[in-house]
Amino acid sequence: MRKYYYYTYKGNNFYGMGLAYSDDSCFPISEITESLREKNGVLTTVDFWHEISADEYEKMSELIKE
């Protein structure tokens with residue numbers, strides 16, 4: 001069953017948020033950490049995540065795109 005997540009992350013001089021989903025039973029922290037490191041060019045720490053509904057995932061996707 002697909003699960004949806006909202007997460008926040010931080011680096012030395014920045015802070016951000018993102019969305020993820022997983023078909024497994026847990027948050028994909030290793031994949032997210034790796035993609036953030038590639039995107040930001042530095043080690044980035046995921047410091048919070050929370051499971052959200054599919055509807056909230058869609059609504060937040062629109063907000064993040066703006």
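**Entry 1: helix and sheet.** I began with helix α2, residues 54-65, which lies across β1, β2 and β3 and runs at about 140° to β2. I note here that the model is a predicted one. Turning to the sheet beneath my notes on the helix, I found an open sheet of three strands in the order β2-β1-β3, with antiparallel pairing. Strands β2 and β3 (45-52) stand at its edges, each with a single partner strand, so one side of each has no neighbour in the sheet. Neighbouring strands of this sheet are turned by 25° against each other on average, if direction is ignored. I then looked up the pairing of β1 (residues 3-10) with β2, which is antiparallel and extends over eight bridges. Within these strands, tyrosine 4 stands opposite tyrosine 21 in β2.

**Entry 2: alanine 20.** Is alanine 20 buried or exposed? Its relative accessibility is 7%, and because buried means under 20%, alanine 20 counts as buried. I located alanine 20 in strand β2, residues 15-22, and, setting aside residues up to four places away in sequence, I listed what it touches: Lys3, Tyr4, Tyr5, Tyr7, Phe27, Pro28, Ile32 and Tyr57.

**Entry 3: the cores.** I next asked which residues make up the largest nonpolar core. There are eight in all, namely Tyr5, Tyr7, Tyr9, Ala20, Phe27, Ile32, Leu36 and Val46. Strand β1 and helix α1 (29-40) each supply at least two of its residues, and the largest share, three residues, comes from β1. I also recorded a second, separate core of five residues, including Tyr4, Leu19, Ile52 and Met60.

**Entry 4: aromatic pairs.** My count of aromatic pairs comes to seven. In one of them, tyrosine 5 and phenylalanine 27 meet edge-to-face, 5.2 Å centre to centre and with 75° between the planes. Tyrosine 5 lies in strand β1 and phenylalanine 27 in the loop between β2 and α1, so this pair ties together parts that are 22 residues apart in sequence. Both tyrosine 5 and phenylalanine 27 are buried.

I then checked tyrosine 21 and tyrosine 57, whose ring centres are 6.2 Å apart and whose planes stand at 85°, so that this pair is edge-to-face as well. Since tyrosine 21 belongs to strand β2 and tyrosine 57 to helix α2, the pair ties together parts 36 residues apart in sequence. Tyrosine 21 is partly exposed, at a relative accessible area of 42%, whereas tyrosine 57 is buried, at 14%.

Finally, I noted that ring pairs link Tyr5, Tyr7, Tyr9, Phe27 and Trp49 into a cluster.

Definitions and conventions. Residues numbered from 1 in each chain as written. Predicted model: local features only at pLDDT ≥ 70, side-chain atom pairs only at ≥ 80, totals over all residues. Heavy atoms only, no water. Helix = DSSP H or I, 4+ residues; strand = E, 2+ residues; numbered from the N terminus. Buried < 20%, exposed > 50% of the residue type's maximum accessible area, 1.4 Å probe, protein only. Contact = heavy atoms within 4.5 Å. Pairing = 2+ DSSP bridges. Axes fitted to C-alpha atoms, helices over the stretch in contact; angles between N-to-C directions. Core = buried A, V, L, I, M, F, W, Y, C linked by side-chain atoms within 4.5 Å. Phe/Tyr/Trp six-rings, centres within 6.5 Å; stacked < 30°, edge-to-face > 60°.
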